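Good morning, colleagues. Please look at the sequence and the structure on the screen while I take you through a few selected features.

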Amino acid sequence: MIESLTAALPHFRNTNSGQFFLMAGPCVIEGEDMALRIAEKVKHMTDKLQIPYIFKGSYRKANRSRLDSFTGIGDETALRILQKVSREIGVPTVTDIHESDEAAMAAEYVDVLQIPAFLCRQTDLLIAAAKTGKVVNVKKGQFLNGESMQFAVDKIKQSGNEHVILTDRGNSFGYSDLVVDFRNLPAMRSFGVPVVMDVTHSLQRPNQASGVTGGQPALIETIAKAAIAVGADGLFIETHPTPATAKSDGANMLALDQLEALLVKLTRVREAVR
């Protein structure tokens with residue numbers, strides 16, 4: 001199913017290696033130098049391993065627990081950085097949108113529009129994203145099963161856009177934890193669209209008393225291996241040079257210097273199950 005993305009995404013290299021594709025980058029765009037540095041390093045790794053790569057970075061974080069949480073460096077500034085990453089590093093980019101009127105704006109700068117999990121049923125938002133003609137990546141709500149995502153796919157395709165990705169990011173387990181039900185991946189893949197496992201967000205521990213989301217980054221390798229084993233077409237991994245200093249979601253990110261070793265292991269899992 002990865003082949004369906006090749007024509008729709010500038011710079012997307014389907015290497016015919018049979019490997020998964022990767023969406024990776026910081027949670028939020030913190031600055032130009034950091035974004036370019038992360039993109040360049042990840043591209044070097046993925047080129048070596050023949051893994052098609054999409055750079056990920058939020059231009060703004062609209063869903064934060066506390067009013068004093070970092071939300072971004074300014075919409076246009078961050079979007080221009082994403083555009084520069086695409087042009088200078090030669091990779092497609094993905095960012096999330098939150099309201100219908102953001103779709104056309106963000107589409108001028110990035111290649112993939114991402115619908116956050118909490119918003120995956122928002123009809124107007126899905127339609128607005130679809131009408132840009134960009135690839136639309138919809139994250140499955142923590143409150144839904146995989147079968148329910150058929151309706152999100154239908155809304156986008158019936159709006160004239162065939163370029164859809166579905167991403168799982170775990171299911172709510174009580175008030176302050178998430179679990180991954182791997183049945184959701186083949187269920188969503190049965191809709192004929194590429195399916196991605198959001199490895200790092202599925203390890204969040206939300207709704208902490210401090211107002212800062214926790215996480216279990218030690219389990220990133222476990223979730224990633226399992227996702228590849230059950231047939232995920234792609235992986236979504238947030239990464240940062242120093243997660244402890246990241247301005248958003250540092251508790252569940254993967255340190256950038258640990259990414260390549262993980263990708264090597266994952267390519268072997270992919271080869272074993274192909």
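Let me begin with a question: is Gln50 buried, partly exposed or exposed? Its relative accessible area is 41%, so Gln50 counts as partly exposed. I should state at once that this is a predicted model.

Gln50 is located in the loop that links α2, residues 32-49, to β2, residues 53-56. Its backbone deserves attention, since Gln50 has a positive phi of about 60° although it is not a glycine. As a general matter, most residues other than glycine have a negative phi. A second case is His11, which is likewise not a glycine and has a positive phi of about 70°. His11 sits in the loop between α1 (3-6) and β1 (21-25). With a relative accessibility of 37%, His11 is partly exposed.

I turn next to strand β9, residues 195-198. From this strand Val195 and Met197 point one way, Val196 and Asp198 point the other way, and all of them are buried. On which strands does β9 pair? With strand β6, residues 164-168, the pairing is parallel and has three bridges; here Thr167 stands opposite Val196. With strand β12, residues 234-240, there are also three bridges, and the two strands run parallel. In that pairing Met197 is opposite Leu235.

Asp198, which belongs to β9, merits a closer look. Its relative accessibility is 0%, under the 20% cut-off, and therefore Asp198 counts as buried. Setting aside residues up to four places away in sequence, Asp198 touches Lys139, Thr167, Asp168, Arg169 and Phe236. For one of these, Arg169, the separation along the chain is 29 residues, while the C-alpha atoms of Asp198 and Arg169 are 4.9 Å apart.

Now to the nonpolar interior. The largest nonpolar core has 70 residues, and those touching the most other members are Phe55, Val138 and Leu235. Helix α2 contributes the most to this core, namely eight residues. What does Val138 contact, beyond its neighbours within four places in sequence? The list consists of Ile115, Cys120, Leu126, Met149, Ala152, Ile156, Ile165, Leu166 and Thr167. Another core, of 13 residues, lies apart from the largest one, and its members include Phe21, Ile54, Val94 and Val112.

Finally, I come to helix packing, with α9, residues 259-273, as the common partner. Helix α8, residues 220-229, packs on α9 at an angle of about 25°, and their axes are 9 Å apart. Because that angle falls under 35 degrees, α8 is described as roughly parallel to α9. Their crossing is right-handed. On the α8 side the contact involves Ile220, Glu221, Ala224, Lys225, Ile228 and Ala229, and on the α9 side Leu262, Lys265, Leu266, Val269, Arg270 and Val273.

Helix α2 also packs on α9, at an angle of about 25° and with axes 10 Å apart. This makes α2 roughly parallel to α9, and α2 passes α9 in a right-handed crossing. The α2 residues in contact are Val42, Met45, Thr46, Lys48 and Leu49, and they meet Leu259, Glu260, Leu263, Val264 and Thr267 of α9.

To close, I return to α2: this helix packs against α9, gives the most residues to the largest nonpolar core, and precedes the loop in which Gln50 lies. Thank you for your attention.

Methods: Residues numbered from 1 in each chain as written. Predicted model: local features only at pLDDT ≥ 70, side-chain atom pairs only at ≥ 80, totals over all residues. Heavy atoms only, no water. Buried < 20%, exposed > 50% of the residue type's maximum accessible area, 1.4 Å probe, protein only. Helix = DSSP H or I, 4+ residues; strand = E, 2+ residues; numbered from the N terminus. Pairing = 2+ DSSP bridges. Core = buried A, V, L, I, M, F, W, Y, C linked by side-chain atoms within 4.5 Å. Contact = heavy atoms within 4.5 Å. Axes fitted to C-alpha atoms, helices over the stretch in contact; angles between N-to-C directions. Parallel < 35°, antiparallel > 145°, perpendicular 65-115°, else oblique. Left-handed = near helix turned anticlockwise from the far one by under 90°.
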